[in-house]
Structure formats: C-alpha cells, structure tokens
Amino acid sequence: MVQKNLIDGEWIAGSEAFRSINPSNTNDVVGEYARASADDARAAIAAAKAAFPAWSRSGILERHAILRKTADEILARKDELGKLLSREEGKTLVEGIGETVRAGQIFDFFAGECLRLAGEVLPSARPNIGVEITREPVGVVGIITPWNFPIAIPAWKIAPALCYGNTVVFKPAELVPGSSWAIVDILHRAGLPKGVLNLVMGKGSVVGQAMLDSPDISAITFTGSVGTGKRVAAASVEHNRKYQLEMGGKNPFVVLDDADLSVAVEAAVNSAFFSTGQRCTASSRIIVTEGIHDRFVAAMGERMKGLTIDDALKAGTHIGPVVDESQLNQDTDYIAIGKQEGAKLAFGGELLKRDTPGFYLQPALFTEATNAMRISREEIFGPVAAVIRVRDYDEALAVANDTPFGLSSGIATTSLKHATHFKRNAEAGMVMVNLPTAGVDFHVPFGGRKGSSYGSREQGRYAAEFYTTVKTAYTLA
Ligand code: ADP
C-alpha cells in the first residue's frame, strides 16, 4: 500500500511513488510513499494559507487537546514507531524507541505551552498610555527535515509551529518518510482542521525548491546540509521571510590529563560512534592532552573492540548500519583521505559483512591527526573520528574553537577551573562537561553558532522566538 501525501485534509496519491529501503537489510522494503510534485507542494502551500486565519485564532484548548492526544498516541505506540524508525534509518532499536519517546515528550511539552501563552503589559513613556506586547503566529511555516532524526526533528518543528498558531507545509527527507507519515497521520486523526498541516514527501530539488520559491511561506525552518542551508537562506532573503537553519558540525571533545579515564572513553565513544556517527552533534575531533593521550587511545581501542555492529533491530547491537550507499561511500572516502593526509588509522574502518546485505562499517579511529587535515575540518557524518594530540588545556581550547562550525563542544576533566573556563569560552551553542557532545534534552534550547546555525534557537520555550512575531500595541487610557 502506498502511503499518501496529506494536502488540505485529503490523502493524495499523486502519480509517482518511491520506496524506502532498510539499511540493515536492503532486501527489506520499509514502505512505499507517494512522491509529491511541485504542483502538489503549491497546492499544500495554498491550503496552509487558506487554513491560517482560522487556525491562528483557534482556542488554546483546541490546540492543547490535539497536541496532547498526539503525544499520548506517540508514547503509547513507542515500540512500533521506534521499530519503524530503526528500520528506515538504521539506528538501533534502543535509539529508535528513545527518539520516539522524545518526540512524544516534545508534543507533550508544546501541548502545555499552548496553555501558557503570555505577553507583557508595560506603562508607556508617555502619560495615560498603556503598552501591550503580544506574540502572534507568523503564518505558513515551511518545515524541511533531514534523515538522521526521522521523528524527533519533525516533532520539534511541527509541535511549536502548531502550538503558536501557524499552519504548516512539511517536507521530510526522502530516505525516511515512514516516521514522518506516521506523525502526520496521528496529528490528522487527533483532529487538526484541514489544511493546517500538509505533508509533501518527495525530492528536495522539486518539493523543497517549490517551497523555497513560494512567496506564501512566511518562515522556513531547515535542518540539513550546509549547501542546502545556503539555498534556503538565499531564497528566504529574496522573499523577506524568516528562516532558521541547523546545519553541520565538527564538534570537538577535549580530554584533559586530569580526566576520569572511563568517563572520557564512554563519552568519546558515544559522541563519535553512537547512532553510527550520524548526528550533527557527534564529535569527530577528539582533542587529547599529552599526559593522558596514550592511555586514552589504548582504552578507546579496548572499548571499540566491545562494540557490536549489526542489524539495527537485533538485540545487543550497539551500532547499526550507515544510512545508505552514498553516505557509506562518503565515509570510506574520508577514511582514505585521512590515511593519505598522514593520520594513522588506529582502529576499525573496515566494511563488515553481516547475515543480511546492509551498509555495515566498523567505527574508525584515527590518531596522530592534526586540526588542519580535511578529516578534522569537514563534516563526515559517519562513525569516523580523529584524535588530535595537544600540549595542554590552552592549546586544547584553541584547537577546539579552530573550526568553521559551532554546534556542540565537550570536555572531560575533573578540574572545576578548566570546566568553568571551557563552558565560558567554547565557541559553540551547547557545551557538555563529562558528557557526550550529543544527547540533548527536549525542553531546553538547541542550536549552534558560526557555520552551524542561523536564526533563533529551537526547542523549549526559546522556540517561540522563531514561530511567533512580536506585536507592540499602544492604547490611550
Ligand atoms: P542531508 O545530507 O541531511 O540529506 P540535505 O541538505 O541534502 O542534507 O537534505 C536535507 C533536506 O533538505 C531534505 O529534506 C532534502 O530533501 C531537502 N533539500 C535538498 N535540496 C533542496 C532544495 N534545493 N530545496 C529545498 N530543500 C532541499
């Protein structure tokens, strides 16, 4: 059965369909999905525009009830949806279920936020005048998402968009339409009026581009590659619309001489290799001071030997396959580049054969890398990390910040002085002390600096900044 697009409250088949393939087993077709055309995207935008006046004035209890119901259903179906996610994306079942729970928590959080919409009342600078500051929805929000968090990223964009009274045109990544289809289906059945949320699955160059080109989209929130992010930015400037970008990372994880070795190794392995390294918050630059360097590298090697790389759905798998062939080729290309550049491939990096045909890659750890090498500067987006040896904390901080990106940054240390200094001076939107660079809460701001991000933060109450526009009203008493 082909899962359809949702346009103006109707499930629309369209003329073409595409298949989603399980990266753990390429013989397994996860599902078939209708491929939207540029005309479908334009119809979805028109539907969202038509639905905006009523939805923007809808009661907070109506919005609360829909988001709450959605949260409840996602949480009740976490095992089934988590399995679907792991089948389509390749992260382990534990990670897939965890991400699904997080999506449920996000809808729950924004269900609550509907009931806490607030403004400010201030005295004017002039006598007998009152000033009210309120937040209003922006209009039609375009949501474009990547493949690496198939349910959490759509959730953290759709939930606040609807909560604050916007209507939505949502284009998920082509590799992982199943989880997106599922949450749109849940929201639709939870009672969203027609046109408020529209789903257009299909190609970025067609459906995404039609969204970028539309004057009727008032804001676009995008997570994906730097190249596409730049297109989103250029088109948004052209249309004078709001935009928010979450793009790449080249996140550093610093290990100091005084670190607790096991804490450092756990955090580094998690940062670099869990979710197959396919997280924008993953760390691929492990910056280690010389007093602990050799012990740390040896302990990493031991820890990596204990990792099971296998079918994402198998119990006991720590790391699933790479998402698809082109990403696998990118990963192995960078492994070759690292060797050519003179880094030493200390562990892993081999293609693996398992019971089923899939994109299995043993996590790779380079040592003797420098921060100037391409493997230290460019985002690889796979289970490939490099250890960079430094003299001391000062050099570690300088190397950590010497990158065009600035999403997340981590440090392993028992020194309060260094931890405090690092928190203040890391040029990143998120800083982790004795924790992996990846793995964030659902109710606090998420986002980066420099080349990683543009616009206001996502998630938590800070999401209001993007999904609303401020109005200042003056009244003569
Ligand atoms: P990734 O490497 O994560 O796939 P992309 O930037 O290619 O990064 O994809 C992120 C999202 O952007 C996907 O939903 C993709 O379909 C979409 N996309 C790709 N090209 C365009 C484009 N020209 N216009 C709008 N969206 C696009």
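**The ligand and its surroundings in a predicted model**

Of the 17 residues that surround the ligand, those that come nearest are Thr-145, Lys-171, Gln-209, Ser-225 and Thr-228. The model in which they are seen is a predicted one, and the distances that follow are to be read in that light.

One of these nearest residues, Ser-225, has a side-chain N or O atom that lies 2.6 Å from an oxygen atom of the ligand. An oxygen atom of the ligand also has a polar side-chain atom of Trp-147 at 3.5 Å, whereas a nitrogen atom of the ligand lies 3.4 Å from a backbone N or O atom of Gly-204. On its own the ligand has 550 Å² of accessible area, and the protein covers 78% of that area.

The space that the ligand takes is the largest pocket. Three elements each give two or more residues to the shell around the ligand, namely helix 7 (204–212), strand 11 (219–223) and helix 8 (226–238), and of these helix 7 gives the most, with four residues. Sorted by class, this shell consists of seven nonpolar residues, eight polar residues and two charged residues.

From the ligand the view can be widened to the protein as a whole, which has 15 helices and 21 strands. Its C-alpha trace spans about 70 × 65 × 40 Å along the principal axes. The radius of gyration of the protein is 23 Å, and because a compact globule with 477 residues would have a radius of gyration near 23 Å, the value agrees with that expectation.

Conventions
Residues are numbered from 1 along each chain as its sequence is written. This is a predicted model: local features need pLDDT of at least 70, side-chain atom pairs count only at pLDDT 80 or more; totals for chains, interfaces and linings use all residues. Side-chain values use heavy atoms; hydrogens and water are left out. A residue is near a molecule or strand if one of its heavy atoms lies within 4 Å of it. A polar contact is a pair of N or O atoms within 3.5 Å; within protein, one must be able to donate a hydrogen and the other to accept it, and residues adjacent in sequence count only if both atoms are side-chain atoms. Accessible areas come from the Shrake-Rupley method with a 1.4 Å probe; for residues, only the protein chains shown count as cover. On a 1 Å grid over the protein atoms alone, a cavity is a set of points where a 1.4 Å probe fits but cannot get out, and a pocket is an open set with protein on both sides within 12 Å along at least five of seven lines; lining residues have an atom within 4 Å of a point. A molecule sits in a cavity or pocket if more than half of its atoms lie within 2 Å of its grid points. Ala, Val, Leu, Ile, Met, Phe, Trp, Tyr, Cys and Pro count as nonpolar, Asp, Glu, Lys and Arg as charged, and the others, Gly among them, as polar. The radius of gyration is taken over C-alpha atoms; the globule rule is 2.2 Å times the number of residues to the power 0.38.
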